[in-house]
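Trainee: I've got a structure open and I'd like to learn how to read it. Can you walk me through some features?

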Amino acid sequence: MLVHFAAQESVTVPVPRQPIPIEHYLRQPQRLVYAIADPQQVEVLADQVYRLKMRPRNFFSFTIQPVVDMRVWTEASNILHIQSVGCEIRGVPYIDRRFRLNLTGTLQAVRSSRASSLVGQAQLQVEVEVPPPLNMMPKIIVEAAGDSLLSSVLGLIKQQLTRQLITDYQQWVASTTQADANPQGHLVWET
């Protein structure tokens, strides 16, 4: 039985005022990767390409560990993009051979007269051939469980993003302003 799972998540994170605009931070996509994931579970594969080993997850009677290769880059318009470029499912070879994953996401700074925020969205889609004995279950139950699993994965990423990203941005600003201060002690950053 071939099933399709899908989930999407949106996020808006208030950005505190800093001497360096958030757009400069977004031009360093590797910082985002390490801000939302445990650095010990991230491997750099190439320029803009990272392997993220997710924590093992239970799905019915199976324990699986998704390993996702992602391309992360920023456009000239300061929109940060995430796109999956490969995936492996560790733990159940049957599923790994019959599994497709598509992850896409964006994150951008939005300014108003009063405040700035980061606005993002992510979509996660999976197609998998369900192994025995799960293929004996009603398809609607398997799909509901899969959708719930994907929603929990995106929810965890959203939690990490809202907790860690602004903290990392503030740390980056502090270290950058210390290192780049000109002799008069003033920084000039263009947005």
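Trainee: Let's start with one residue: does Tyr-169 count as buried or exposed?

Mentor: Keep in mind that this is a predicted model. Tyr-169 counts as buried, because its relative accessibility is 1% and the cut-off for buried is under 20%.

Trainee: And what does Tyr-169 pair with, ring to ring?

Mentor: Here's the general idea: for a pair of aromatic rings, you give the distance of the centres and the angle of the planes. The structure holds 2 aromatic pairs. In one of them, the ring centres of Tyr-25 and Tyr-169 are 5.5 Å apart and the planes sit at 70°, so this pair is edge-to-face. The cut-off you need is that planes over 60 degrees apart count as edge-to-face.

Trainee: Where do Tyr-25 and Tyr-169 lie along the chain?

Mentor: Tyr-25 belongs to helix 1 (residues 22-26) and Tyr-169 to helix 4 (residues 139-180), so the pair ties together parts 144 residues apart in sequence. Tyr-25 is buried too, with a relative accessible area of 1%.

Trainee: Which pair do Tyr-25 and Trp-172 make?

Mentor: An edge-to-face one, because the ring centres of Tyr-25 and Trp-172 are 5.8 Å apart and the planes are at 65°. This pair also links distant parts of the chain, with Tyr-25 in helix 1 and Trp-172 in helix 4, 147 residues apart. Trp-172 is buried, with a relative accessible area of 8%. Put the ring pairs together and you get a cluster of Tyr-25, Tyr-169 and Trp-172.

Trainee: Now a helix. Which residues of helix 2 are buried?

Mentor: First, the general idea: an α-helix has 3.6 residues a turn, so residues three or four places apart point the same way. Now look at helix 2 (residues 29-36), where the buried residues are Pro-29, Leu-32, Val-33, Ala-35 and Ile-36. They cover an arc of only 165° around the axis, and that puts them on the same side of helix 2.

Trainee: What about strands? How are strand 2 and strand 3 joined?

Mentor: In general, side chains in a regular strand alternate between the two faces of the sheet. Here, strand 2 (residues 42-46) and strand 3 (residues 49-53) run antiparallel and are joined by 4 bridges. You can find one partner yourself: Val-42 has Leu-52 as its bridge partner in strand 3. The two strands form a hairpin with 2 residues between them, and Gln-48 in the turn has a positive phi of about 75°.

Trainee: Which residues does Trp-73 touch, leaving out those up to four places away in sequence?

Mentor: Gln-48 from that turn is on the list, along with Pro-29, Ile-79, Leu-80, His-81, Ile-82 and Gln-83. Trp-73 itself is in strand 5 (residues 62-74) and counts as buried at 18% relative accessibility. Try looking at Gln-30 as well: its C-alpha atom is separated from that of Trp-73 by 8.5 Å, though the two residues are 43 apart along the chain.

Trainee: What lies over the face of Trp-73?

Mentor: Arg-71 does, at 3.9 Å from the ring centre. You can spot a similar arrangement at Tyr-94, where Arg-98 lies over the face at 3.8 Å from the ring centre.

Trainee: Last one: how many salt bridges does a search of the whole structure find?

Mentor: It finds 7. One of them is between Glu-9 and Lys-158, whose closest N and O atoms are 3.2 Å apart. That pair links distant parts of the chain: Glu-9 is in strand 1 (residues 2-15) and Lys-158 is in helix 4, 149 residues apart. Glu-9 counts as partly exposed at 25% relative accessibility, and Lys-158 counts as partly exposed at 29%.

Trainee: Which residue meets Glu-127 in a salt bridge?

Mentor: Arg-100, with 2.2 Å from N to O. Glu-127 lies in strand 8 (residues 116-129) and Arg-100 in strand 7 (residues 99-111), so this pair ties together parts 27 residues apart in sequence. Check their surroundings too: Glu-127 counts as partly exposed at 21% relative accessibility, whereas Arg-100 counts as exposed at 54%.

Note on methods. Residues are numbered from 1 along each chain as its sequence is written. This is a predicted model: local features need pLDDT of at least 70, side-chain atom pairs count only at pLDDT 80 or more; totals for chains, interfaces and linings use all residues. Side-chain values use heavy atoms; hydrogens and water are left out. Rings of Phe, Tyr and Trp (its six-membered ring) pair if their centres lie within 6.5 Å; planes under 30 degrees apart count as stacked, over 60 as edge-to-face and the rest as tilted. Buried means under 20% relative accessible area, exposed over 50%, partly exposed in between (1.4 Å probe, protein chains only). A charge sits over a ring if NZ of Lys or CZ of Arg is within 6 Å of the ring centre and within 35 degrees of the ring normal. The arc is that of the directions from the helix axis to the C-beta atoms. Contact means heavy atoms within 4.5 Å. Two strands pair if DSSP finds at least two bridges between them. A salt bridge is a side-chain nitrogen of Lys or Arg within 4 Å of a carboxyl oxygen of Asp or Glu.
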